[in-house]
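Trainee: I have a structure open and would like to go through it with you. Can we start with some side chains and work outwards?

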Amino acid sequence: MKSENDRNPVLLVHGINDTGAVFHRMAPYLLQQGRSVYDLDLIPNNGAKHLDYLAQQVADFVAKTFPPGQPLDLVGFSMGGIVSRYYVQRLGGIDRVQRFITIASPHRGTLAAYGSQLPGCVQMRPGSEFLTDLSRDVAMLERLNFTSIWTPLDLTIVPANSSQLPVGKDVQVLVPLHPWMLTDSKSLAAVGQALAEPLRQYPPLVRTPDRQKSPTHDSNT
């Protein structure tokens, strides 16, 4: 087990049409801070599968990579933030993750998702059954250090403030392009600061059994 002062390993989860290689600036930045950094390649990465299918890959990666008692910090970019959120809220990640950071993720959907009929994209539309289901117990995220980092200039997450949630910490950075959220120094610094924050203490989590691991597929997928 890690001691209280040790830093958790950090798992990076990429967005749509990307791979773990998209963290080519962020991973070295975090390594320079003395952190151990991991990433995985979600397959398929183009929205052709439902997001809960991809979230199971995150759960499987965590189970295979880290000892059972090892806490971790989780960083998800764009679609990867929603995939990671499903892992936390539905696949037991709430018991492993201590710091959860999303970067430019469409928590309340993005109009850009109407450009594709692929099931993973349909799930990222505003008002989708999938996102509505996750919003019902979003208060679960108060059990960990949750931070949403986003830019009001985003033209991929439309409206840009869809990245906001009513829980956790909200951090705005003025970065002009969606992909630059992984390379801009302001965004990198925001991630580093969120990972460095001491863990907050919360009241015990009250679980609702029928909210656990309930894949939600929109009827028009």
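Trainee: F61 and F66, buried or exposed?

Mentor: Both F61 and F66 are buried. Keep in mind that this is a predicted model.

Trainee: What is the relative accessibility of F66?

Mentor: F66 comes out at 5% relative accessibility. Buried means under 20%, so F66 falls in that class.

Trainee: How are the rings of F61 and F66 arranged?

Mentor: Their centres are 6.5 Å apart and their planes stand at 75 degrees, so this is an edge-to-face pair.

Trainee: Which residues are in the cluster linked by ring pairs?

Mentor: Y38, F61 and F66 are linked that way. A search of the whole structure gives four aromatic pairs. In one of them, Y38 and F66 have ring centres 4.9 Å apart and planes at 80 degrees, so that pair is edge-to-face. It joins distant parts of the chain, with Y38 in strand β2 (residues 37-40) and F66 in the loop between α2 and β3, 28 residues apart.

Trainee: And Y38, how does it count at 30% relative accessibility?

Mentor: Y38 counts as partly exposed.

Trainee: What lies over the face of Y53?

Mentor: That is K49, at 5.1 Å from the ring centre.

Trainee: Moving on to the core. Which residues of the largest nonpolar core touch the most other members?

Mentor: L11, V58, Y87 and V88 do, in a core of 36 residues. The elements giving two or more residues to this core are β1 (10-13), α2, β3, α3, β4 (97-103) and α5.

Trainee: Which element gives the most?

Mentor: Helix α2 does, with seven residues.

Trainee: What is L11 in contact with, beyond its neighbours within four places in sequence?

Mentor: Its contacts include Y38, V58, F61, V62 and L74. Two of the cluster members, Y38 and F61, are therefore on the contact list of L11.

Trainee: How many residues are in the other core?

Mentor: There are 23 in that one, among them V22, I149, A190 and L195, and it lies apart from the largest core.

Trainee: Which residues of α5 are buried?

Mentor: In α5, residues 129-136, the buried ones are F130, L131, D133 and L134. Looking down the helix axis, they fall within an arc of 155 degrees, so they line one face of the helix.

Trainee: What do they pack against?

Mentor: The buried residues of α5 pack against α2 (51-65) and α3 (79-90).

Trainee: Different topic. Where is R35, and is it buried or exposed?

Mentor: R35 sits in the loop between α1 (26-32) and β2. It is buried, with a relative accessible area of 5%.

Trainee: What is R35 in contact with, leaving aside neighbours within four places in sequence?

Mentor: The list is R7, V10, L30, G192, L195 and A196. R35 and V10 are 25 residues apart along the chain, and their C-alpha atoms are separated by 7.2 Å. L195, also on that list, is a member of the 23-residue core.

Trainee: Now the whole protein. How many helices and strands?

Mentor: Six helices and six strands. Along the sequence the pattern reads β-α-β-α-β-α-β-α-α-β-β-α.

Trainee: What share of the residues counts as buried?

Mentor: Of the 221 residues, 53% do. The protein exposes about 9,800 Å², with carbon and sulfur atoms supplying 55% of that area.

Trainee: And what share of the contacts with a separation of 6 or more comes from residues 24 or more positions apart?

Mentor: They account for 73% of those contacts.

Terms used. Residues are numbered from 1 along each chain as its sequence is written. This is a predicted model: local features need pLDDT of at least 70, side-chain atom pairs count only at pLDDT 80 or more; totals for chains, interfaces and linings use all residues. Side-chain values use heavy atoms; hydrogens and water are left out. Buried means under 20% relative accessible area, exposed over 50%, partly exposed in between (1.4 Å probe, protein chains only). Helices (H or I, at least four residues) and strands (E, at least two) are DSSP runs, numbered from the N terminus. The arc is that of the directions from the helix axis to the C-beta atoms. Contact means heavy atoms within 4.5 Å. Accessible areas come from the Shrake-Rupley method with a 1.4 Å probe; for residues, only the protein chains shown count as cover. Rings of Phe, Tyr and Trp (its six-membered ring) pair if their centres lie within 6.5 Å; planes under 30 degrees apart count as stacked, over 60 as edge-to-face and the rest as tilted. A charge sits over a ring if NZ of Lys or CZ of Arg is within 6 Å of the ring centre and within 35 degrees of the ring normal. A nonpolar core is a set of buried Ala, Val, Leu, Ile, Met, Phe, Trp, Tyr and Cys residues joined through side-chain atoms within 4.5 Å.
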